[in-house]
There are 2 protein chains.
Amino acid sequence: MIQSFTIDGKRMEERLKKLSEMGQTKDGGVHRMALSEDDFQAQELVAEWMRQAGMTVRRDHFCNLIGRREGKGSGKPVIMMGSHIDSVPNGGRFDGTIGVIGAIEAVQAIHDAGLQTEYPIEVVAFCDEEGPRFSGGLFGSQGMVGRIQPGDLQKKDAQGITRYEALKRFDLNPDRMADSIRIPGEIKVYLEMHIEQGPYLESINEPVGIVTGIAGPAWIGVKVKGEAGHAGTVPMHLRKDPMVGAAEIILAIHRICGKDPSAPTVGTVGKIQSFPGGSNVIPEGVEFTVDIRDIDLSRRDRVMAEIRSAIDEICGRYQLQVEIEENMNVLPVECSDHVVKAMQEASESLGLQAPKMVSGAGHDAMLLADIADMGMIFVRCRNGISHSPKEWAETEDIVKGTKLLLGTVLNYV
Amino acid sequence: MIQSFTIDGKRMEERLKKLSEMGQTKDGGVHRMALSEDDFQAQELVAEWMRQAGMTVRRDHFCNLIGRREGKGSGKPVIMMGSHIDSVPNGGRFDGTIGVIGAIEAVQAIHDAGLQTEYPIEVVAFCDEEGPRFSGGLFGSQGMVGRIQPGDLQKKDAQGITRYEALKRFDLNPDRMADSIRIPGEIKVYLEMHIEQGPYLESINEPVGIVTGIAGPAWIGVKVKGEAGHAGTVPMHLRKDPMVGAAEIILAIHRICGKDPSAPTVGTVGKIQSFPGGSNVIPEGVEFTVDIRDIDLSRRDRVMAEIRSAIDEICGRYQLQVEIEENMNVLPVECSDHVVKAMQEASESLGLQAPKMVSGAGHDAMLLADIADMGMIFVRCRNGISHSPKEWAETEDIVKGTKLLLGTVLNYV
């Protein structure tokens, strides 16, 4: 059945290019902050493409851009597809955008085929998934599921503009945001296509993957404290050097997270700092972040407990003090079994062997899971790179992902 | 013989306190930048104490404050004692100052005893030993031995004032600095007393130590480069994480420097940074400093070679690139045998068991060794702490050090 619909790869490629011109950086990257002039221009462009695909377009009070194609009856729940079109500072052109343009393309194909669906279809470009401007992402999807409080709108950007003011400038009325919240039952299923942002599909030479769940990150901040001293005057055996303790902890995290190669557990120390930080001073303290993710909450908790006990053991051995701060603890989210199944069937009928895989990154879909059944499709990206001007996905792969998305949607409409 | 001279501990304690009021910080520390108004006031105070001890006082063109008590004949080489009175930002009251005040006290004792010496005695408060203001220390002692070039005077402080201008403001003539250089033969011996700045004397419960040499630091900067990635999306086995490589290198440095407990080799990683440094980003690069010191140059070189080969092995294993930059390479300096011997004899006659030890920190004495025989005395300091308001040395210990200094001087005058 999918074969009778047309996905126009050339059009999608042109649209991705066109969209990348809104907020384009000198080195070919995209710098499109949410609720900026560039974001507005990009939304206008996307709105126009939605209309071409037979949708009516509106913005909700979270500045989510929503295109809607009605189904046969009224009062039916929505089949929703989407992603986001804002970018990180100096990011790439594919992150988020392929999910929006792919969803529009899928609706276009349905529209061109003259298919009258049972259920209404909506395509959403969620506002501010990335979150750098107001230090907090997934705004539009959090808003849609009712997770945004009025106080959250008082966060300021670097220029001192609140999100509230920024929404007002887009002619929205944030005081009425409650009107834009969707409740369970309103959305039958939410489908999102996204670049993988990791190297897995490339490493197994597959263009697309079927996401079975989104790993929840647990973040801790570790402060190891020892005794500062002059680099030249404290004999090695009299030192209480937090740098050495921190190094051993970092290796322990790497070992603990990697020991079961069949598990998708990942652990990362991305940021580290020593105090006072002089090259000729044994540090008094070393601080670093730990990001642990897994799709299986109990395994993630087990790994975290193992890391904490390694930290205690190591700090005890080096006579160091340690403080651990819990900075984030997001629950992993599972994709709906019937969506995964629908995707597998679509994959087969397209002659693809899309593997099942876990999303290590967070996505709007994670929030939509609060109120709807949900599924995600990943598209291979070059070298696993994202959030960079070097971010790249082949049109051919995006087309395969879009066909898989369409095939899945057809199962529900 | 030493017993017939009087060292006045109470006076030294009062002078150290008085000096600490020039540039005192709120938490009882000392913030006395070289060539500042506070430094000027402190020099004036020290000059007055020099005069009281029977010395004539001048400043040379490097702003070294020099007190001189003539000997019997003219044209004889000088017996020089000294240290510095400038501090690091928010430092303590003992670092440097005890060497200057102790030297003045020793001259005062000689003066009070009416001893006419064969050789002239000079006490020097060297300018800018610490070096934070113009990013380069040991200025006065480098100047005295002829290591300062006119270009070095063009270094600016944070306010854009050059050292040249700062010297001018002290009514000195840096254009005539060549006149202030001392040459081999002019100084018979240079003696410096200083707080240990390390925990060794405290750990063996001895008030003073005899320095046999000053370890030379070798500094390298290590840049480990891997592959940046999203903390959630790159499986552990596909990572090229420079944080993990850096951690293993830091542990290797600690192991290599500590493996011979009888050697004074020390190795420190004091400063570390990751790029881009996001808590949810596998770093692209990690940079850190390495400071290796030893009194034995060949052993230090061997240790450094071993560290470099460990770095290569580790980076190879994790598929990381590495760049190593040599940032400093100061040769270790040995104290003169006859000075060490004179100190040991003085120690015995004072009923002390001053142990021989190595200085891990650099001192003005290291420069004076270029043109003169040299020796140093270390005084125990609490918890080995220096460069901090918590820096502390007991008057009783400073008195013992000063007696040892006097006893050593008496061997030469």
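How many residue pairs are in polar contact between chain A and chain B, with both at pLDDT 80 or more? Keep that in mind as you click around; this is a predicted model.

**Stop one: the two chains together.** Color chain A and chain B separately and bring up the place where they touch. The count you were asked for is eight residue pairs in polar contact. Now look for salt bridges across the same interface: the rule finds zero between chain A and chain B.

**Stop two: the extent of the contact.** Select the touching residues on both sides. You should get 48 residues of chain A in contact with 48 residues of chain B. Together the two chains bury about 4,200 Å², and carbon and sulfur atoms account for 68% of it.

**Stop three: chain A's side.** Hide chain B for a moment and pick out the elements of chain A that each supply at least two residues to the side touching chain B: α6 (200–203), α7 (242–258), β9 (266–268), β10 (272–275), β11 (281–282) and β12 (285–294). Zoom in on α7(A), which gives the most to that side, with nine residues. Then color this side of chain A by class: you'll see 22 nonpolar, 20 polar and six charged residues.

**Stop four: a residue in chain B.** Bring chain B back and select helix α11 (residues 395–410), where Asp397(B) is found. Is Asp397(B) buried or exposed? Asp397(B) counts as buried because its relative accessible area is 4%, under the 20% cut-off. Leave aside the neighbours within four places in sequence, and Asp397(B) is in contact with Pro207(B), Val208(B), Val379(B) and Arg380(B). Show those four as sticks to finish the tour.

How values were computed. Residues numbered from 1 in each chain as written. Chains lettered and ligands numbered in written order. Predicted model: local features only at pLDDT ≥ 70, side-chain atom pairs only at ≥ 80, totals over all residues. Heavy atoms only, no water. Contact = heavy atoms within 4.5 Å. Buried area = accessible area lost by both parts, 1.4 Å probe. Salt bridge = Lys/Arg side-chain N within 4 Å of Asp/Glu carboxyl O. Polar contact = N/O pair within 3.5 Å; in protein donor to acceptor, adjacent residues only side chain to side chain. Helix = DSSP H or I, 4+ residues; strand = E, 2+ residues; numbered from the N terminus. Nonpolar A, V, L, I, M, F, W, Y, C, P; charged D, E, K, R; others polar. Buried < 20%, exposed > 50% of the residue type's maximum accessible area, 1.4 Å probe, protein only.
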